[in-house]
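Please work through the exercises below with the sequence and the model open side by side. Each task is followed by a solution in steps.

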Amino acid sequence: MIITSVRASKEYAVHTGSGLLASSGKIMREVCPKALKLLIVSETNVAKRYLAAVKDSAQAEGFEVYEYIFRAGESSKNIDSIAGMWGVMAKAGFTRTDLVAGLGGGVTTDMAGFAAASFLRGIDVVQIPTSLLAMVDAAVGGKTGIDLPEGKNQVGAFWQPSAVIEDTDCLLTLPDEVFAEGMGEVLKYAFIMDLSLYDILKENERTGINIKNDAWLMEKIVGMCVADKADVIMSDEFDNGRRQTLNFGHTVGHVIERNSDFTKPHGICVAKGMGIISDAAVAAGTLPSDEASKIKDLISSYGLPVEDEITAEEAVSGAMNDKKKRGNTLSVIVVNKIGSSEIVKMSPEEFLTFISGALG
Ligand SMILES: NC(=O)c1ccc[n+]([C@@H]2O[C@H](COP(=O)([O-])OP(=O)(O)OC[C@H]3O[C@@H](n4cnc5c(N)ncnc54)[C@H](O)[C@@H]3O)[C@@H](O)[C@H]2O)c1
Ligand SMILES: [Zn+2]
């Protein structure tokens with residue numbers, strides 16, 4: 001097992017390893033010694049596989065367990081689900097010392113975190129991510145929230161968990177395409193900040209080991225990503241600077257995702273975005289072309305695409321509509337060599353010139 005400590009506005013541990021669901025109750029008890037009641041938030045796909053293990057483990061520690069199970073999928077990530085969670089807690093008489101647990105992918109952990117952040121002005125949450133994307137990204141770092149019809153993640157709060165429990169065995173039941181999507185975010189950490197992760201991913205590709213079925217390797221890779229995310233959070237919890245480097249591939253990726261009406265999965269779009277930005281950086285002379293080839297080859301070797309038919313004009317207008325832009329400038333994340341990245345501020349005109357290098 002790997003334990004990563006995160007020291008942000010709250011200090012907490014991320015436990016990563018095989019078989020951890022069975023200890024989830026014990027970990028929740030350690031961080032919330034006074035809690036009497038526990039609301040487990042989960043969804044249909046995950047609950048049928050993993051709810052019983054968490055529930056049993058929590059009951060063994062004396063928690064009075066309540067459940068809120070929603071229909072799996074991004075379309076449930078809305079205020080109705082949150083209101084349902086508030087309702088269960090209010091009816092059961094939850095107090096400020098009680099606890100919420102999010103058991104599922106990023107949709108679940110984002111919503112469990114937001115329900116906890118808002119109920120009684122904030123109660124504790126423990127995150128128990130079950131997808132690769134949630135383990136390496138969504139469940140760590142305290143961004144919580146829901147979507148509006150007008151856009152994704154439009155309402156939310158920064159609310160750090162009290163602990164994160166990542167049982168890597170859960171990844172074995174993840175559908176291949178959902179696993180591949182999570183790999184998009186794993187690759188992102190390698191490119192922006194972690195050369196040794198790149199080496200491991202490269203080596204694995206060369207030897208052809210199926211990482212998903214290699215418990216030791218999976219734990220190591222997830223642990224490295226968590227350590228990378230923790231490092232970023234600790235230097236910029238509220239996303240005013242360095243945390244933006246986690247958006248590598250996302251500026252263009254989000255536009256591709258939105259233009260497809262969210263029919264193209266997030267991780268696929270991010271992979272395309274990373275490929276396109278890398279090509280643009282080569283044209284701009286800030287990334288050597290052999291490094292860009294290494295980036296794109298690795299993405300492809302994990303079954304993800306590096307190109308898209310989006311035009312430079314569409315990329316610019318879409319990016320200017322994205323909520324993450326500040327004022328009239330875009331923060332574009334560029335990798336200068338594998339393992340190191342920077343935030344470059346660009347006007348729409350500068351971004352058009354830059355991105356035309358790849359999409360022109
Ligand atoms: N808070 C953050 O910092 C942050 C960061 C990145 C993404 N996100 C959010 O995360 C969400 C995407 O996360 P996701 O890809 O995990 O989506 P998700 O929660 O919808 O899970 C993806 C799919 O995998 C299934 N699943 C999850 N775990 C499983 C398991 N162990 N076995 C079988 N099936 C399983 C789910 O039922 C779902 O069908 C988005 O809403 C995004 O906005 C948040
Ligand atoms: Zn992402």
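The exercises that follow deal with a ligand site, a loop residue, a pocket and a helix.

The model is predicted, so that local features need pLDDT of at least 70 and side-chain atom pairs count only at pLDDT 80 or more, while totals for chains, interfaces and linings use all residues. Residues are numbered from 1 along each chain as its sequence is written, chains are lettered from A and ligands numbered from 1 in the order in which they are written, and side-chain values use heavy atoms, with hydrogens and water left out.

**Exercise 1.** Determine how many residues surround ligand 1, and find polar atoms that lie close to its nitrogen and oxygen atoms.

*Solution.* Begin with the surroundings, counting a residue as near if one of its heavy atoms lies within 4 Å of the molecule: there are 25 such residues around ligand 1, and the closest are Glu-43, Glu-74, Gly-106, Ser-131 and Thr-173. Next, look at pairs of N or O atoms within 3.5 Å. The side chain of Thr-173 places an N or O atom 2.7 Å from a nitrogen atom of the ligand, whereas Cys-170 uses a backbone N or O atom, 2.9 Å from a nitrogen atom of ligand 1. Finally, an oxygen atom of the ligand lies 2.8 Å from a polar side-chain atom of Lys-77.

**Exercise 2.** Describe the setting of Asn-78.

*Solution.* First locate Asn-78 in the loop between β4 (64–70) and α3 (79–92), where strands (E, at least two residues) and helices (H or I, at least four) are DSSP runs numbered from the N terminus. Then list its contacts (heavy atoms within 4.5 Å): beyond the neighbours within four places in sequence, Asn-78 touches Met-111, Ile-146 and Asp-147. Last, note that its side chain reaches the backbone nitrogen of Asp-80 at 3.0 Å.

**Exercise 3.** Which helix supplies the largest share of the lining of the second largest pocket?

*Solution.* Start from the 13 lining residues, of which Phe-179, Ile-209, Asn-210, Ile-211 and Tyr-302 lie nearest the centre of the pocket. Both α6 (176–193) and α7 (195–207) supply at least two lining residues, and the largest share, 4 residues, comes from α6.

**Exercise 4.** Identify the buried residues of helix α12 and the elements against which they pack.

*Solution.* Taking buried as under 20% relative accessible area (1.4 Å probe, protein chains only), one finds Ala-312, Ala-315, Val-316, Gly-318, Ala-319 and Met-320 in α12 (residues 312–321). These buried residues pack against α9 (250–259), β10 (330–337) and α13 (348–359).

Definitions and conventions:
On a 1 Å grid over the protein atoms alone, a cavity is a set of points where a 1.4 Å probe fits but cannot get out, and a pocket is an open set with protein on both sides within 12 Å along at least five of seven lines; lining residues have an atom within 4 Å of a point. Buried means under 20% relative accessible area, exposed over 50%, partly exposed in between (1.4 Å probe, protein chains only). A polar contact is a pair of N or O atoms within 3.5 Å; within protein, one must be able to donate a hydrogen and the other to accept it, and residues adjacent in sequence count only if both atoms are side-chain atoms.
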